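Student: I'd like to go through this one and ask why things get the labels they do. Can we take the labels one at a time?

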Amino acid sequence: MPQVQLPLFPPGSTPINDQLAFERQGDQVVYFNGHLPVFTHRTDDLASFRLFTTQLILNGTASQGQIVRAFGVPLSTVKRYCRIYRQEGAAAFFKPRARRRGHRLTPERLAEAQGLLDQGWRVPQISQR
């Protein structure tokens, strides 16, 4: 028969719900299930924080609202990372973000655009090219 665990957490920890808590210990964040540590990461390791809290939500161990209240993060952020995890998996939290290319007119592009204008091209045609 399953046994109910009392919500006993180490002194100084912050509860997430009746079974989970976390505590900052120096430069580490430690997560507890009752009195047992289950995960740890550096305080500046945002990718590990996002991964672990998302896994808590998707495994049904914590709700989105509990994560929002415990850590003070926006609900939209929590939802975004749940979607990213579902679509791309855990590796998505650790890959570098894709950078978009700027649309500024460099001197080379400006010269090319001016040359096309001089040839009689229209602005929408140049823009598409």
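Tutor: Sure, starting with salt bridges: a salt bridge is a side-chain nitrogen of Lys or Arg within 4 Å of a carboxyl oxygen of Asp or Glu. Keep in mind that this is a predicted model, where local features need pLDDT of at least 70, side-chain atom pairs count only at pLDDT 80 or more, and totals for chains, interfaces and linings use all residues. Residues are numbered from 1 along each chain as its sequence is written, and side-chain values use heavy atoms, with hydrogens and water left out.

Student: What makes Asp44 and Arg42 a salt bridge?

Tutor: Their side chains come to 3.3 Å, N to O. The cut-off is within 4 Å, so the pair qualifies.

Student: How many salt bridges are there, and which residue does Asp27 pair with?

Tutor: The structure holds three. Asp27 pairs with Arg42, and their closest N and O atoms are 2.7 Å apart. Arg42 sits in strand β4 (residues 36-42) and Asp27 in the loop between β2 (20-25) and β3 (28-33), so this bridge ties together parts 15 residues apart in sequence. Strands here are DSSP runs of E with at least two residues, helices are runs of H or I with at least four, and both are numbered from the N terminus.

Student: And which residue does Glu88 bridge to?

Tutor: Lys95, with the closest N and O atoms 2.8 Å apart. Back with the shared partners, salt bridges join Asp27, Arg42 and Asp44 into one network.

Student: Why is Asp44 called exposed, but Arg42 partly exposed?

Tutor: Buried means under 20% relative accessible area, exposed over 50%, and partly exposed in between (1.4 Å probe, protein chains only). Asp44 has 57%, so exposed it is. Arg42 has 40%, so it counts as partly exposed. Asp27, at 37%, is partly exposed too.

Student: What makes Phe39 and Phe52 a stacked pair?

Tutor: Rings of Phe, Tyr and Trp (its six-membered ring) pair if their centres lie within 6.5 Å; planes under 30 degrees apart count as stacked, over 60 as edge-to-face and the rest as tilted. The structure holds eight aromatic pairs. Phe39 and Phe52 are 4.5 Å centre to centre with 5 degrees between the planes, so they are stacked. Phe39 is in strand β4 and Phe52 in helix α1 (residues 46-58), 13 residues apart.

Student: Is Phe52 buried or exposed?

Tutor: Buried: its relative accessible area is 10%. Phe39, at 27%, is partly exposed.

Student: Why is the Phe49 and Phe71 pair called edge-to-face?

Tutor: The angle between the planes is 75 degrees, and over 60 is what the label asks for, so it fits. The centres are 5.0 Å apart. Phe49 lies in helix α1 and Phe71 in helix α2 (residues 64-71), so the pair ties together parts 22 residues apart in sequence. Phe49 is buried at 14%.

Student: Which residues do the ring pairs link into a cluster?

Tutor: Phe22, Tyr31, Phe39, Phe49, Phe52 and Phe71.

Student: Last one: how do you know that Arg97 is exposed?

Tutor: Its relative accessible area is 77%, and exposed means over 50%, so the label holds. Arg97 is in the loop between α3 (75-88) and α4 (107-118).
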